[in-house]
Amino acid sequence: MRSKAVKVPLNKGEETRRILRKEGILRKDLLPIKKDRFILFPVEREIEGFEIVEDDFKPKRERINSYRDIVNIPDKLKEILPSSYDIIGDIILIKIPDELKPYQREIGEALLKAHKSVKAVYHAEPVKGELRIRDLVHLAGEKRTTTIYREYGIEMEVDVAKVFFSPRLSGERYRIAKLVENGEVIIDMFTGCAPFSLVIAKHANPKIIYAIDINEYAIELARKNVKRNKMLHKIEVIHGDSSKVVRDLAKKGIRADRIIMNLPFGAREFLPDALKASKDGTIIHYYSVLNEKQIEEHINHLKDITNNRIDVLKINKIKTYAPREFYICFDISVSRPA
Ligand SMILES: C[S@@+](CC[C@H](N)C(=O)[O-])C[C@H]1O[C@@H](n2cnc3c(N)ncnc32)[C@H](O)[C@@H]1O
């Protein structure tokens, strides 16, 4: 686009930009251009003391703050657009409410436009079943469910269709890693594609982490991810049912310093098995989804099923899961039977 411009030598660029901004005449819709040893700032009007020229300038790309500002749906529906969604590598998972389903493709396209690095958008149903995976509906972009995800210096291949994964637990994984002391033996009973194990191996110095999962595909990715992050000497990936694998480890005399039980709707059934591979002072990070009123009752239940061998040291509310329900981690310490 044609515009008047202030022309100054390159070495006067920053100083001039400040003056033009202060005068309020620098055009915000056009980009400055460099020509030979000069820079041309597009301006609203002429200004005394500067050489004025005319030239063609490229428009500045408008920054999109939110997909909600550009989505092509009736205005009255805009207020029920989801304000949060997960970005996993270059894939977005969003939960589209039923009322918005007729416009799900428009929503997908708007998300693609608003996030330049994102290549695929899916509607995600809630996680379900033993493997905690979700049904997906493709909304926009590439039809691809594998991606490379990075957090706290690790890099993981994730398949959002075949393996549970939540970027919202990244802070929690780092919190646990920072609690780990040198030389610990750790069991990650429900490892998925191994995010807890990898963040711990990266930021602490455990002796060994046993990373277990029943989902064959998660284990395949976990193995790849351990290799990718050069942690083969720190993490042993085991495919199988944790309750059996943990009992087998215990039979071999293995006692963990720390056990991670990230299976929110089922971990309690596995707690007695976890105790078999525990010793006095073992710390268990036990995850559950509960509302405020259920917390005390749940702790009492855990004490009952473990013959009072556990103490809850800390209750960490990590995120809201549903209205008034929290994704909670109990940091538990184990004592030997009296
Ligand atoms: C909520 S996901 C957690 C995955 C991983 N820790 C993470 O944070 O991404 C629970 C995992 O437990 C696995 N799982 C369910 N039952 C299991 C069992 N009996 N033994 C081993 N793994 C199991 C599922 O396959 C799933 O990958």
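Reader: Let's start at the surface: is Asn 307 buried or exposed?
Author: Heads-up, this is a predicted model, where local features need pLDDT of at least 70, side-chain atom pairs count only at pLDDT 80 or more, and totals for chains, interfaces and linings use all residues. Numbering runs from 1 along each chain as its sequence is written, and side-chain values use heavy atoms, with hydrogens and water left out. On the accessibility scale, buried is under 20% relative accessible area, exposed is over 50%, and partly exposed is in between (1.4 Å probe, protein chains only). Asn 307 has a relative accessible area of 67%, so it counts as exposed.

Reader: Which two elements flank the loop that holds Asn 307?
Author: Helices (H or I, at least four residues) and strands (E, at least two) are DSSP runs, numbered from the N terminus. The loop with Asn 307 sits between helix H9 (294-305) and strand S16 (310-322).

Reader: And how far is Asn 307 from Leu 198, C-alpha to C-alpha?
Author: Along the sequence, Asn 307 and Leu 198 are 109 residues apart. In space, their C-alpha atoms are separated by 33 Å.

Reader: Now Asn 316: which side chain does its own side chain make a polar contact with?
Author: Asn 316 is in strand S16 and is buried, because its relative accessible area is 10%. Beyond its neighbours within four places in sequence, it is in contact (heavy atoms within 4.5 Å) with Arg 175, Tyr 327, Ile 328, Cys 329 and Asp 331. A polar contact is a pair of N or O atoms within 3.5 Å; within protein, one must be able to donate a hydrogen and the other to accept it, and residues adjacent in sequence count only if both atoms are side-chain atoms. At 3.3 Å, the side-chain partner of Asn 316 is Asp 331.

Reader: Why is Cys 329 not bonded to the closest cysteine sulfur?
Author: A disulfide is a pair of cysteine sulfur atoms within 2.5 Å, and a search of the whole structure turns up 0 of them. Cys 193 is in no disulfide; it counts as buried, at 1% relative accessibility. Cys 329 is buried too, with a relative accessible area of 0%. Its closest cysteine sulfur, in Cys 193, is too far for a bond, because the separation is 19 Å.

Reader: On to the ligand: how much of its accessible area does the protein cover?
Author: The ligand has 21 residues around it (a heavy atom within 4 Å), with Phe 190, Asp 213, Asp 241, Ser 242 and Asn 262 the closest. Polar backbone atoms of Phe 190 and Ser 242 are 2.7 Å and 2.8 Å from a nitrogen atom of the ligand, while a polar side-chain atom of Asp 213 lies 2.7 Å from a ligand oxygen. Of the 600 Å² of accessible area that the ligand has on its own (Shrake-Rupley, 1.4 Å probe), the protein covers 98%.

Reader: Any odd backbone angles? What is the phi of Tyr 152, roughly?
Author: Most residues other than glycine have a negative phi. Tyr 152 is in the loop between strand S9 (146-151) and strand S10 (154-159), and counts as partly exposed at 35% relative accessibility. Though not a glycine, Tyr 152 has a positive phi of about 45°.

Reader: And what is the phi of Arg 324?
Author: Arg 324 is in the loop between S16 and strand S17 (325-334). With a relative accessible area of 70%, Arg 324 is exposed. It isn't a glycine either, yet its phi is positive, at about 65°.
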